[in-house]
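Biologist: I should be grateful for a close look at a single part of this model, namely its open sheet. Please describe how the strands are arranged, and then turn to the pocket.

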Amino acid sequence: NGDPIIMGLSGQIFKFDGRPGGWYSAVSAKSFQWNMKVSKFEECPELSDTFVTGVALSVNGKDGKKHQIEVNVVNEFQTDVGCGIQDIKTNDYQCLGAGSLELLIDGHKVVQTIDHILDDNSGRVTAFNTIAKCSRRWFDFDVTPAEELGTISKTPALRSRRLFKNVSKGSSDIMDVLETMKMTMIDQPGCEEWMKERRTNNDIFKQTGTWSTVMIQTEAISLHIEYKQEQERCSAHNLDVWISSVSPEVFGEDWEGVIGETKSSDHKSGDNIERKHMSRADALKYADDGAYEVPSPFSTQCKACIQSSN
């Protein structure tokens, strides 16, 4: 999860604050590295003032290629960044999170809604603005059965490579993906009505607003990210992050990091998980947050990282 309350992969629930502005290893494995940035917002109530404002995923692609995908809050100290000059005539400048969110996909900066296929066809990055009713509820990940890999659907939120190849911005394919996720949304009836309008008008990528959804889908691991602005109690930004799917091979690897350490070999998904509130000391191997801190968004170097622990 994206705020300092972490839900582990085996149901552990604990608090992790970190150092404001620091990047931390969420999951460190042979096939991928997922890091997160934490920021503190002084105006927010005590104990509810630290949130994740950056997500960085480095993952293996095809033929030894490595992809780097980063999702960041543009300006942590301002929520009304705005979208700059919008061409009202063509209405083609739908910036993410009302100008507060940006993506870096293999070094290319993206600030608008997008449906992007990675250049080696090993994954997909989709980002669009949404509404509160369609925001995703707390949701646990699935380990994709080996026999389903390479078929029409890997998980409800991850389509096959065949589908990756011929997708165009604004296509109904994205709506099909959203349809499979309705059960995870905060207000399913309200979201269904909104989705119906988007499908009718074919304008999912033309929406504006301060809530955004980013889906990073790869053959190894997929992340679902919800961005929202806090404007009632205080001025803040928040990225909530879930693992939406993982391949059996990658799940079988050793995992380290704040969330990686919580993986168990007998993982049960969904409602089968027994949620266990516990102290940070009981949940993690290292007492010092610094053991999980990495020097940069895509770094694999920390005491609690897989490369350093082997």
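**The open sheet and the pocket**

Modeller: In this predicted model, five bridges connect strand β6 (residues 66-73) with strand β7 (residues 101-105), and the two strands run antiparallel. Within this pairing, Ile69 stands opposite Ile105 in β7. Both strands belong to an open sheet of seven strands, whose order is β8-β7-β6-β5-β4-β3-β18, with antiparallel pairing. At the edges of this sheet are β8 (108-110) and β18 (293-294), each of which pairs on one side only.

Strand β5, which follows β6 in the order of the sheet, spans residues 50-60 and contains Thr50. Thr50 has a relative accessible area of 9%; because this value is under 20%, Thr50 counts as buried. The side chain of Thr50 also makes a polar contact, at 3.3 Å, with the side chain of Asp49.

We may now turn to the pocket. Rolling a probe the size of a water molecule over the atoms shows where empty space is left. The largest pocket has a volume of about 200 Å³. Ten residues line the largest pocket, and those nearest its centre are Lys228, Gln229, Glu230, Gln231 and Arg233. Strand β15 (residues 221-230) contributes the most to this lining, with three residues. By character, the lining of the largest pocket consists of five charged, three polar and two nonpolar residues.

Definitions and conventions
Residues numbered from 1 in each chain as written. Predicted model: local features only at pLDDT ≥ 70, side-chain atom pairs only at ≥ 80, totals over all residues. Heavy atoms only, no water. 1 Å grid on protein atoms, 1.4 Å probe; cavity = no way out; pocket = protein on both sides within 12 Å on 5 of 7 lines; lining within 4 Å. Points joined across faces, edges and corners; volume = space filled by probe spheres on them. Helix = DSSP H or I, 4+ residues; strand = E, 2+ residues; numbered from the N terminus. Nonpolar A, V, L, I, M, F, W, Y, C, P; charged D, E, K, R; others polar. Pairing = 2+ DSSP bridges. Buried < 20%, exposed > 50% of the residue type's maximum accessible area, 1.4 Å probe, protein only. Polar contact = N/O pair within 3.5 Å; in protein donor to acceptor, adjacent residues only side chain to side chain.
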